[in-house]
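Student: I would like a close look at one part of this model. Please start with a loop and work inward from there.

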Amino acid sequence: MASLPPSDYLVDRRQLRRKLSFWRVAAILCLIVAVVVAGTRLIGTNAGKFTPHIARLSISGLITGDRKTLTLIHDIGEAKNVSAVLVSIESPGGTTTGAERLYDALRKLSAKKPTVAVVGTLAASGGYIAAIGTDEIFSRGNSIVGSIGVLVQYPNVAKLLDKIGVSVEAIKSSPLKASPDGYEPTSPEARAAIASLVNDSFEWFKALVKERRKMSDQELAAVDDGRIFTGRQGIGLKLVDKIGGEQEAVTWLEQERGIHKGLPIRDWTANKSLGSLGILGVSARLAEWSGFSELSRTLDYGQSLSDTRLLDGLVSIWQFDSPQGN
């Protein structure tokens, strides 16, 4: 006849079962809470988009004219319940081609919906190109706008290589192939070739500003030297239409574009995958999902400054840490 287990053993087994049951129930409850919270946030975010509203489109950080942003702008234009669009801008610019793509998308959007730009801290260079893609520009008195210009920067380490006794050999099909390359002094011909690209894009930028801001040649000449201006200065220089923020912009939409009063403002955002983000970008997404929108925008801006050094081609960007930033 088998012996019965000791009483202490039975007590331990009961306690162990109770602990396991507790943690199972706790895990299930946590899962339920997580699903409810996620569902509530999802419904709260999207449900409002099925009723008339003003869409808020945020253009922040580095401008590259990425596909997700362009698709988002297209979707806003096609949305029947979007009555108008607030384009919130916090950007130092980016690639010139990216700014061109963004500008074209915003002009198409403006043909379908009333649009108004609201500048936060900064809408410079490519960021300013985005602003003039809308119907009206509002900025704070101390916002930074302007920086009309195009830039090409590249490091030249030829003197350093000479000092350490290193040379880089190249066989080219022509003298201007892959020039300037940074491994040899830039020839006058290569410098002239790059300058022609910069000047061509610069003329495009200036023509865009002149047309959209209805400037004379004299008025354009006062702002096209790459400088930045405050919003207050921008009023007199025709870079900005009015001083104010979102509230003033909404009032303008109601009074000048006939938008119904009292419409809610809904954020429209593109889906962002974590795999393509740096550490600051990942942190920004986590902050956004946790409801810390201001922290998210700050981290996004930090990520954009980090990404600036990775840009290729012509750029329209204002960099406060660069002696030639424009």
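Where is the place of S147?

Tutor: S147 sits in the loop between β5 (144-146) and α5 (158-164). Helices (H or I, at least four residues) and strands (E, at least two) are DSSP runs, numbered from the N terminus. This is a predicted model: local features need pLDDT of at least 70, side-chain atom pairs count only at pLDDT 80 or more, and totals for chains, interfaces and linings use all residues. Residues are numbered from 1 along each chain as its sequence is written, and side-chain values use heavy atoms, with hydrogens and water left out.

Look at the backbone of S147. Its phi is positive, near 55°, and the residue is not a glycine. Most residues other than glycine have a negative phi. S147 has 0% relative accessibility, so it counts as buried (under 20% relative accessible area; exposed is over 50%, partly exposed in between; 1.4 Å probe, protein chains only).

Now turn to another serine, S125. It lies in the loop between β3 and α4 (126-131). Phi of S125 is about 50°, a positive value although this residue is not a glycine either. S125 is buried too, because its relative accessible area is 0%.

S125 leads us to strand β3 (115-124). Of the ten residues of β3, eight are buried, so the rest of the structure largely encloses this strand. β2 (82-95) runs parallel to β3, and six bridges join them (strands pair if DSSP finds at least two bridges between them). One pairing to find on screen: S88 has V118 in β3 as its bridge partner.

A third serine, S139, belongs to strand β4 (residues 137-139). Its relative accessibility is 0%, so S139 counts as buried. Leaving out residues up to four places away in sequence, S139 touches V119, G231, V240, K242, I243 and G244 (contact means heavy atoms within 4.5 Å).

Finish at helix α9 (residues 246-256). Its buried residues are A249, V250, W252, L253 and E254. What covers them? The cover includes β3 and β4, the strands we just visited. It also includes β1 (53-63), β2, β7 (242-243) and β8 (265-268). After α9 comes G258, with a positive phi near 70°. Here the residue is a glycine, whereas S125 and S147 are not.
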